[in-house]
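Me: Could you take a close look at one part of this protein with me, the mixed sheet and what packs around it? I am in my first year, so please explain each term as you go.

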Amino acid sequence: MTDWLREREWLEAMDGEAGWTGLAWESAPDAMVLSDPDGVVLMANPAYCELYGYSREEVVDHSFTIIFPPAQRDAALEHYRAVFAGHERTPTHETRIVRKDGTERFVQARAVVVSHERRGRVLLSIIRDITERRTSERLQREFLALASHELKNPLAAISGFAQLLQRRGIYDERATARIISQAAHMDRLLDDLLDVARLESGQLDITRAPMDLVEVVRACTEQVQAQAQAHTLRFETATEQLEGSWDTLRLRQVLDNLLSNAIKYSPDGGEITVRVEEAGHDARVSVRDRGAGILPEALSLIFDRFYRTEHAAAGPEGFGIGLYVAKSIVELHGGRIAVTSELGHGSTFSFTLPTSEDLTRVL
């Protein structure tokens with residue numbers, strides 16, 4: 001069944017023995033099971049067996065309570081008989097089930113007493129797996145709460161410094177600088193959200209134009225250094241120029257993300273090394289910090305959308321989309337991004353880009 005509201009139409013189509021054993025029953029996407037007044041399973045479709053993890057042989061001709069933990073089976077059978085005796089459709093309800101292998105799923109279920117041509121009155125139970133929907137709803141709730149929290153921080157700062165200026169009635173350079181800084185931070189957060197939406201809809205594009213990667217990375221490093229007083233950003237390269245056809249603005253976005261992360265997760269200051277080099281037919285950019293490093297279990301997840309990294313010296317922070325967007329931008333260029341890290345010794349993020357001479361492999 002694809003819609004609970006079409007249940008009556010579906011039941012009418014299943015009228016007769018051929019309907020219950022035909023293609024409609026076998027290919028139905030929802031789990032369905034027929035059982036007699038005593039709860040013995042008469043028929044179970046493939047979706048039912050797949051959902052609960054049992055074979056047909058384990059289910060048919062046995063009590064339906066096999067799908068319940070032993071301690072719950074008596075209560076389940078008592079409720080079943082009450083439903084059967086009522087001769088009424090049960091309200092649609094959502095519940096959690098435990099499969100044979102011990103894993104859990106969320107389902108939406110309902111049952112109705114129907115007349116079977118040969119077996120008489122039977123109970124038809126229809127169960128829909130809604131685990132993905134539940135997971136999606138949970139992620140949406142968590143993300144909305146996270147977005148609200150992250151956006152309120154710069155808003156509070158902007159509001160606070162604006163009120164300070166209002167009370168003093170004079171120009172305050174420090175307060176004005178903080179307002180500008182927090183507004184820029186909020187703008188970056190919103191840009192990241194928009195980029196995720198563009199990526200999900202396949203609308204995030206790159207605009208290629210000739211550029212010198214050495215010049216762009218050096219300029220980006222110097223700009224970040226001007227705002228990072230506690231850190232020393234050292235730029236290294238063995239080549240004066242490294243030209244290619246790339247999207248300058250998008251690559252600056254990637255660099256800004258990697259550099260801001262390097263600063264954020266080395267809170268005690270220290271040196272951050274930014275390097276540009278040739279690597280065969282590729283150009284490689286790396287950013288190395290001497291911070292606390294990344295927990296080993298996070299390394300395989302760190303570029304996932306909405307994954308908030310637990311670093312050794314800091315809790316989760318931000319939306320968890322900056323590295324996801326950075327990875328997507330690099331891959332749109334035909335490149336690859338990677339990370340290595342050692343607890344207590346820092347992390348190195350690096351990405352490679354095909355040079356202009358090798359664009360045929362990505363166009």
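Reply: Happy to help; here is a walk from the whole chain to that sheet, its helices, and then some other parts.

Please keep in mind that this is a predicted model, in which local features need pLDDT of at least 70 and side-chain atom pairs count only at pLDDT 80 or more, while totals for chains, interfaces and linings use all residues. Residues are numbered from 1 along each chain as its sequence is written, and side-chain values use heavy atoms, with hydrogens and water left out.

The protein has 11 helices and 12 strands. Both kinds of element are DSSP runs numbered from the N terminus: helices are H or I with at least four residues, strands are E with at least two. Of the 363 residues, 43% count as buried; buried means under 20% relative accessible area, exposed over 50%, and partly exposed in between, with a 1.4 Å probe and protein chains only.

Now to your sheet. Five strands make an open sheet with mixed pairing, in the order β7-β9-β10-β12-β11. Two strands pair if DSSP finds at least two bridges between them. In general, strands of a sheet pair through backbone hydrogen bonds, either parallel or antiparallel. At the edges stand β7 (231-237) and β11 (336-342), each with a single partner strand, so one side of each has no neighbour in the sheet. On average, neighbouring strands here are turned by 15 degrees against each other, direction ignored. For such angles, axes are lines fitted to C-alpha atoms (for helices, over the stretch in contact), and angles run from 0 to 180 degrees between N-to-C directions.

Let us follow β12. It runs antiparallel to β10, and 7 bridges join the two; A283, for instance, has L353 in β12 as its bridge partner. β11 and β12 are also antiparallel and joined by 7 bridges, with S341 standing opposite S347 in β12. The hairpin of these two strands has 3 residues between them, and G344 takes a positive phi near 85 degrees there.

Next come the helices. Helix α9 (residues 213-225) lies across β7, β9 (270-279), β10 and β12, and runs at about 170 degrees to β7. Helix α11 packs on the sheet too, touching β11 and β12, and its direction makes about 30 degrees with that of β12. Contact here means heavy atoms within 4.5 Å.

Helix α11 has a helix partner as well. Helix α10 (residues 248-264) packs against α11 at an angle of about 145 degrees, with the axes 9 Å apart. The contact involves residues of α10 including R250, V254 and L258, and residues of α11 including L323, A326 and I329.

Back in helix α9 we find C220, which counts as buried at 1% relative accessibility. Leaving aside neighbours within four places in sequence, C220 is in contact with R252, L255, D256 and L259. The C-alpha atoms of C220 and R252 are 6.8 Å apart, although 32 residues separate the two along the chain.

Aromatic rings give another view. Rings of Phe, Tyr and Trp (its six-membered ring) pair if their centres lie within 6.5 Å; planes under 30 degrees apart count as stacked, over 60 as edge-to-face and the rest as tilted. By this rule there are 5 aromatic pairs. In one of them, the rings of Y80 and F84 have centres 6.3 Å apart and planes at 35 degrees, so the pair is tilted. Y80 and F84 are 4 residues apart in helix α6 (residues 73-86), which puts about one helical turn between them. Another pair, F303 and F349, is edge-to-face, with 6.1 Å from centre to centre and 85 degrees between the planes. F349 belongs to strand β12 (residues 346-354) and F303 to the loop between β10 (282-288) and α11 (322-332), so this pair ties together parts that are 46 residues apart in sequence. F303 and F349 are both buried.

For contrast, look at the other open sheet, where 5 strands in the order β2-β1-β5-β4-β3 pair antiparallel. Its edge strands, β2 (41-44) and β3 (93-98), each pair on one side only, and the twist averages 35 degrees from one strand to the next. Helix α6 packs on this sheet, touching β1, β4 (104-116) and β5, and its direction makes about 120 degrees with that of β5.
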